[in-house]
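Reader: I am new to this structure and would like a close look at a single part of it, with its surroundings explained step by step. Could you choose one residue and follow its contacts outward?

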Amino acid sequence: DTKVVVYLEHPTAEVEMDTDWRYVAGIIEGEGYVGIIKASPRLRNHQSQYMPRVTVGMTDPEPVFFLAQHANRATGIRTARRGRKDVHMFNLQGSAVVMNFLRGCLPYLKSKRQRRRAELVILLCENILEKPQVDQGRARWTHPDAVAHREELWRECKSLSSSQKPRRAKY
């Protein structure tokens, strides 16, 4: 009879939190979307808007509610009828919220593509939260260098889209 004793370096609460982040990362990799949405330029400053997004849609409501609880968001869940089943959607938006959420699950993302997309979204959030602006009278414009950087992040994120797979040559 040999007993193996395992000593944990951190308390049980941290182990549970670690397990939760692993679960969140698994849901996002399997059913989620992490990316940057580009909105058309607004009329007052003629600059495109770049918004970070995390979205998960599932027919099983429990994982979706778990995500909302883990993100400390009571809102952001909606149910839509798609085909024969209801689809429960979790949408997370807002730079600070998305950045903190993705920083928590980034170490546990296994897919290189999802991991890179999450890194790009975090970079976008940091850029947005810096608020590099140019003051021109009443109007506050985002600095052109910041807009160019956001455009680069958006383009790279778009190039990682799974729907844009390279085409095979036809023989």
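Author: What follows starts from Lys 38 and moves outward to the partners of its side chain and then to other pairs of side chains.

The model is a predicted one, and a short view of the whole helps to place the residue. The protein has 5 helices and 6 strands, and, read from the N terminus, these elements follow the order α-β-β-α-β-β-α-α-β-β-α. Of its 171 residues, 34% are buried. Among contacts between residues at least 6 apart in sequence, 61% join residues at least 24 apart.

Lys 38 belongs to strand 1, and its salt-bridge partner Glu 151 belongs to helix 5, which covers residues 144–159, so that the pair links distant parts of the chain, 113 residues apart. In this salt bridge, the closest N and O atoms are 3.1 Å apart. The two partners can be compared by their accessibility: Lys 38 counts as partly exposed because its relative accessibility is 34%, whereas Glu 151, with a relative accessible area of 14%, is buried. The bridge is also part of a wider arrangement, since salt bridges that share partners join Lys 38, Glu 151 and Arg 155 into one network. As a general matter, side chains of opposite charge can pair when their charged atoms come close.

The charged end of Lys 38 has an aromatic neighbour as well, for it sits over the ring of Trp 154, at 4.5 Å from the ring's centre. On another side of the account stands Ser 48, which lies in the loop between strand 1 (32–39) and strand 2 (49–58). Ser 48 and Lys 38 are 10 residues apart along the chain, and their C-alpha atoms are separated by 6.8 Å. Leaving aside residues up to four places away in sequence, Ser 48 touches Lys 38, Ala 39, Ser 40 and Pro 41.

The bridge from Lys 38 to Glu 151 can be set beside others, as the whole structure holds 6 salt bridges. One of them joins Arg 103 to Glu 126, with the closest N and O atoms 2.4 Å apart. Because Arg 103 lies in helix 3 and Glu 126 in helix 4 (residues 112–130), this pair ties together parts that are 23 residues apart in sequence. Arg 103 is partly exposed, at a relative accessible area of 42%, and Glu 126 is partly exposed at 28% relative accessibility. Another salt bridge, between Glu 119 and Arg 116, has its closest N and O atoms 3.2 Å apart; these two residues are 3 residues apart in helix 4, and therefore separated by about one helical turn.

Aromatic rings also link parts of the chain, and the structure holds 3 aromatic pairs. Trp 21 and Phe 101 form an edge-to-face pair, 5.8 Å from centre to centre and with 65° between the planes. Since Trp 21 lies in helix 1 (residues 12–31) and Phe 101 in helix 3 (residues 95–105), the pair ties together parts 80 residues apart in sequence. Both Trp 21 and Phe 101 are buried, and together with Phe 90 they form one aromatic cluster. In a further pair, the ring centres of Tyr 23 and Phe 66 are 4.9 Å apart and the planes stand at 70°, which makes the pair edge-to-face because an angle over 60 degrees counts as such. Tyr 23 in helix 1 and Phe 66 in helix 2 (residues 61–70) are 43 residues apart, and their pair links distant parts of the chain.

Note on methods: Residues are numbered from 1 along each chain as its sequence is written. Side-chain values use heavy atoms; hydrogens and water are left out. Rings of Phe, Tyr and Trp (its six-membered ring) pair if their centres lie within 6.5 Å; planes under 30 degrees apart count as stacked, over 60 as edge-to-face and the rest as tilted. Helices (H or I, at least four residues) and strands (E, at least two) are DSSP runs, numbered from the N terminus. Buried means under 20% relative accessible area, exposed over 50%, partly exposed in between (1.4 Å probe, protein chains only). A charge sits over a ring if NZ of Lys or CZ of Arg is within 6 Å of the ring centre and within 35 degrees of the ring normal. Contact means heavy atoms within 4.5 Å. A salt bridge is a side-chain nitrogen of Lys or Arg within 4 Å of a carboxyl oxygen of Asp or Glu.
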